Amino acid sequence: MERAVPHAVPLGQMEVFQALQRLHMTIFSQSVSPCGKFLAAGNNYGQIAIFSLSAALSSEAKEESKKPVVTFQAHDGPVYSMVSTDRHLLSAGDGEVKAWLWAEILKKGCKELWRRQPPYRTSLEVPEINALLLVPKENSLILAGGDCQLHTMDLETGTFTRALRGHTDYVHCLALRERSPEVLSGGEDGAVRLWDLRTAKEVQTIEVYKHEECSRPHNGRWISCLATDSDWMVCGGGPALTLWHLRSSTPTTIFPIRVPQKHVTFYQDLVLTAAGNSSRVDVFTNLGYRAFSLSF
């Protein structure tokens, strides 16, 4: 894909600028299209790139197949979180969430459909949104981030219906218990909190860093990733990546991984993609080795 080069900037200087930009790039978020054929990745420059997974995974794939089919400027600041509905790509970062039509994106018509901002405490407060979570049964979206709250938005009307308060510091991650209307949240305060969406009340708190077997004081107490599957939860960050039994609030397995984790999920037979402090998205077709990398 070719990008337009401003006339005021010589081509050589633009190439240098783009090379430096890639060198200092961080990819914060990813989301797969409803059809499963495309991957959206959001970076620290507010850009979203769309990759064709089907083309990149093809036996006839070429180097060009690993480049974006579309790249567009989505936000002024970093794209910290993204999620896909059956029609839309939702992205967030700089205090608001935006919607884009997948059908239009793939036609390279990257026009913003709508934007919404949660009701923050003051008009001067624009905290980042670190996590987005769909609740399909409610047709709602949960947003969480720098204001230490979870905000619920009705996707049909675009209105914010409630705020869940309990965290004492930034919220980094969200996970849905699909068999019950409950949401888990993890944050900088070192706590994983379980919320009942029917009552909008906190029903359980696990302060992971207080458990000696999980604690890693040299890394801090923050929770950066979590996932849940019915009665089980896996979470990590400053504390060690750990599998928990939720009903008993008991850690059952400590995974021997030294570095803090950014993303974790329960999955079955998936293509795994991982991204972070570079312009590349690593693609694993099994857990034994990296198959190839997509690149901004």
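**Aromatic, ionic and surface features of the predicted model**

Phe51 and Phe296 are both buried. In this predicted model, three aromatic pairs are found, and Phe51 and Phe296 make up one that is edge-to-face, with 6.2 Å from centre to centre and 85° between the planes. This pair links distant parts of the chain, since Phe51 belongs to strand E3 (residues 47-52) and Phe296 to the segment after strand E23 (292-295), the two being 245 residues apart. In general, the distance of the centres and the angle of the planes describe a pair of aromatic rings. An aromatic ring also takes part in a contact with a charged group: the charged end of Arg221 sits over the ring of Tyr209, at 4.2 Å from the ring centre.

A further contact concerns Val70, which is located in strand E4 (residues 70-73). Val70 is buried, its relative accessible area being 4%. The C-alpha atoms of Val70 and Leu106 are 7.4 Å apart in space, while the two residues are 36 apart in sequence.

Ionic contacts were examined next. Side chains of opposite charge can pair when their charged atoms come close. The structure contains 12 salt bridges. One of them joins Arg177 and Asp231, with a distance of 3.3 Å from N to O. Here, too, distant parts of the chain are linked: Arg177 lies in strand E13 (residues 171-177), Asp231 occupies the loop between strand E17 (223-229) and strand E18 (232-237), and 54 residues separate them. Arg177 and Asp231 are both buried. Among the salt bridges there is also a network, in which shared partners join Glu96, Lys98, Glu112 and Arg115. Within this group, the salt bridge between Arg115 and Glu112 has its closest N and O atoms 2.8 Å apart. Arg115 is partly exposed at a relative accessible area of 41%, and Glu112 is likewise partly exposed, with a value of 27%.

Another salt bridge is formed by the side chains of Glu138 and Arg162, at 3.0 Å from N to O. Because Glu138 lies in the loop between E9 and E10 and Arg162 in strand E12 (residues 160-165), this pair ties together parts that are 24 residues apart in sequence. Glu138 is partly exposed, with 35% relative accessible area, and Arg162 is partly exposed with 22%.

The backbone of the loop that holds Glu138 has a further feature at Asn139. Asn139 is placed between strand E9 (129-135) and strand E10 (140-145), in the loop. Its phi is positive, at about 50°, although Asn139 is not a glycine. Most residues other than glycine have a negative phi. Asn139 is partly exposed, at 37% relative accessibility. A positive phi, near 55°, is found for Ser249 as well, again a residue other than glycine. Ser249 is situated in the loop between strand E19 (242-245) and E20, and is partly exposed with a relative accessible area of 26%.

Strand E20 (250-254) is followed by another loop of interest, which extends to strand E21 (272-275) and contains Val259. Together with Phe255 and Ile257, Val259 makes a nonpolar surface patch of about 240 Å². Val259 is exposed, with a relative accessible area of 55%.

The cysteine residues were considered last. The count of disulfides is zero. For Cys214, the closest cysteine sulfur is that of Cys235; the two sulfur atoms are 7.3 Å apart and therefore too far for a bond, given that a disulfide requires sulfur atoms within 2.5 Å. Cys214 is buried, with a relative accessible area of 0%, whereas Cys35 is partly exposed at 48% relative accessibility.

Methods. Residues numbered from 1 in each chain as written. Predicted model: local features only at pLDDT ≥ 70, side-chain atom pairs only at ≥ 80, totals over all residues. Heavy atoms only, no water. Patch = residues over 30% accessible without salt bridge, like charges linked within 9 Å, V, L, I, M, F, W, Y side chains within 5 Å. Areas by Shrake-Rupley, 256 points an atom, 1.4 Å probe, with all protein chains shown as cover. Salt bridge = Lys/Arg side-chain N within 4 Å of Asp/Glu carboxyl O. Helix = DSSP H or I, 4+ residues; strand = E, 2+ residues; numbered from the N terminus. Buried < 20%, exposed > 50% of the residue type's maximum accessible area, 1.4 Å probe, protein only. Phe/Tyr/Trp six-rings, centres within 6.5 Å; stacked < 30°, edge-to-face > 60°. Lys NZ or Arg CZ within 6 Å of the ring centre and 35° of its normal.
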